[in-house]
Amino acid sequence: MKLKRCCFLLSLICAVHADCGAQAEYPSDAPRIINIVNFIRQTDYRLENSDSLLFETVREQIALVNRYGFPATFLFQYDALINPSYQELMKTRLAPNCEIGAWWEITQPHVEAAGLPWRGEHSWVSTANVAFTTGYTPEERERLADVYMAKFKEIYGEYPKSAGSWFIDSHTLAYMHEKYGIVASCNCKDQIGTDGYTLWGGYWNQAYYPSRANAYMPAQTDEYRIPVPVFRMLGSDPIYQYDTGLGRRSQGVISLEPVYRESGMSEAWVRYFLQSVVDRPSLAFGYAQAGQENSFTWQAMQKGLEMQFPLLDSLKRANRIRLETLGTSGAWFGERFRHTPPTAVVTLADIRGEGRKTVWFNSRYYRANLLWEGRSFRFRDIHLFDERFESEYLNKAGVGEQFLYFTLPLVDGFLWSTPDERAGLRIVKIGSDGTATETSFDDPVVEETAPDVLSITCRDGDANIFRITFREDCLEVSCEPRSTDFAWALELKTARDAALPFRSMEERRISAEFRDFRYSVTCLEGTVRQGRDAADYVLRLAPSENRLSLGMKMEH
């Protein structure tokens, strides 16, 4: 087994090495963009001698960026922003092609400058209702923004173009855009419970325009759209991040962050990850965020960063990626797209050599994920987007050490699963007696059949050809059967005790309710059938003349 794994990793490294000198195969108007984003805290109570360690980290990050001439974004918390040592460092060492922006974790100096009481045990804490704007009223959020922006302009002569955080609420984002002109933001990857923050079901990668009612929810219309693209951070493993921590209360991290030995510090993993960004279909554009928060310290991140940068440099020199600041990417996005564009992440090589492949599709209406495990296949995830779904923190301050952001589930392969019962929507063969048998599939072929359409084709074990087509507002599954008596369907199965949102199922409609919000999906082609119980199936989608089509555009 060890020999097989080593041979696979060697072949993967060689393949990506060979790719690095090749010409880009993607359309010139679908760039692959990398942002290097380093966010900066002044202090961290978890570290001994933290102030000097964190400062040293930023100094070394700047030196590494300068060595390669890379544009990079440095985002400052208020406590680091007002520190004269950081100001001198930025003004004397940072290259002109780099960007300084705002990191929106709230600290004691920031709160007190806004005339508000500090509620943390230390001058910086990670507690959600203290460190993030979700814990403050809308009026307090504006005061925090005003104080920060005034100080930033006093120091650097202009307002920042970028503001990022693990999460920034919609009121604050809209306010910073309308009053101070920010053009880009970034937030944390999808995760359950990590560090107390749950962000689940969102636009999985790349970037989206958020709703004014909920900054985690992509907007569908001009009425709700905040015209500030939010880029998803940290570079999640497209195959393995989703399921990590299944059966536990929180997830681990498998990402491009250079401090993680099995991912961002591993050259084999980084090459595997970049192959998905650079070489596979992405529709509008491909994206990843590199860099690291300074709390991890230079000693922890040095090895990973110094390995990653030459790889990025070789791709940049071959004109296969665009390395640019977050603000530059945000301005480009704003000029290029009026609404959130469809994008994709495609991974057809498994870093662990276990035969897994995955496809992610995102649009302003929904996201979907396909997963192959050897010859087994399922829709692992489908979440719907509706701009009217309000955040519980929209008009009031949240309390407690966690914050929760969700979208609207149709298939949830994590929350509806256990380690022994994996939820998913599977293609099944229907026998003459009505029994259903899960089908097996050959390797998929993934194609961009239009700038906003992704098509996946594969054959089952009987050589029937299935095609899954993702369009901006609908999902289609069709089959070219070898025989006229072949019958198939999609079946949703979940763990038996899963908390499901479904309220009713009609012939053409699935109605659901999640966190007091009602929504539905229309079967444009085919029919819906409700299952008898979870041990059987939750629902079955039967095709009409070998075609299924689900409308994902929510009705207003």
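Visitor: How many bridges join strand β7 to β18?

Guide: This is a predicted model. Strand β7 covers residues 197–200 and runs parallel to β18. The number of bridges that join the two strands is 4.

Visitor: Which residue is the bridge partner of W200 in β18?

Guide: Strand β7, residues 197–200, is joined to β18 by bridges. Across this pairing, the partner of W200 is F406.

Visitor: In what order do the strands of the open sheet with mixed pairing stand?

Guide: The sheet has 3 strands. Its edge strands are β6 (191–194) and β18 (403–406), each of which pairs on one side only. From one strand to the next the twist averages 5°. The order is β6-β7-β18.

Visitor: Which are the edge strands of the open sheet of 8 strands?

Guide: The pairing in this sheet is antiparallel, and the order is β22-β23-β24-β25-β32-β29-β28-β27. Its neighbouring strands are turned against each other by 20° on average, direction ignored. Each edge strand pairs on one side only, and the two are β22 (445–450) and β27 (502–505).

Visitor: Which residue in β28 stands opposite F502?

Guide: Strand β28 spans residues 509–514 and pairs with β27 in the antiparallel sense over 3 bridges. In β28, the residue opposite F502 is A512.

Visitor: What is the volume of the largest pocket?

Guide: The largest pocket is lined by 19 residues. R46, W166, D195, E293 and F296 are the lining residues that lie nearest its centre. The volume of this pocket is about 320 Å³.

Visitor: How many residues in the lining of the largest pocket are charged?

Guide: The lining divides into three groups. The nonpolar residues number 8 and the polar ones 4. The number of charged residues is 7.

Visitor: Over which residues is the pLDDT below 50?

Guide: For the chain, the mean pLDDT is 92, and 94% of the residues reach 70 or more. One stretch falls below 50, and beyond near neighbours in sequence it has 39 contacts in the model. That stretch is residues 1–27.

Terms used
Residues numbered from 1 in each chain as written. Predicted model: local features only at pLDDT ≥ 70, side-chain atom pairs only at ≥ 80, totals over all residues. Heavy atoms only, no water. Pairing = 2+ DSSP bridges. Axes fitted to C-alpha atoms, helices over the stretch in contact; angles between N-to-C directions. pLDDT = per-residue confidence, 0-100. Contact = heavy atoms within 4.5 Å. 1 Å grid on protein atoms, 1.4 Å probe; cavity = no way out; pocket = protein on both sides within 12 Å on 5 of 7 lines; lining within 4 Å. Points joined across faces, edges and corners; volume = space filled by probe spheres on them. Nonpolar A, V, L, I, M, F, W, Y, C, P; charged D, E, K, R; others polar.
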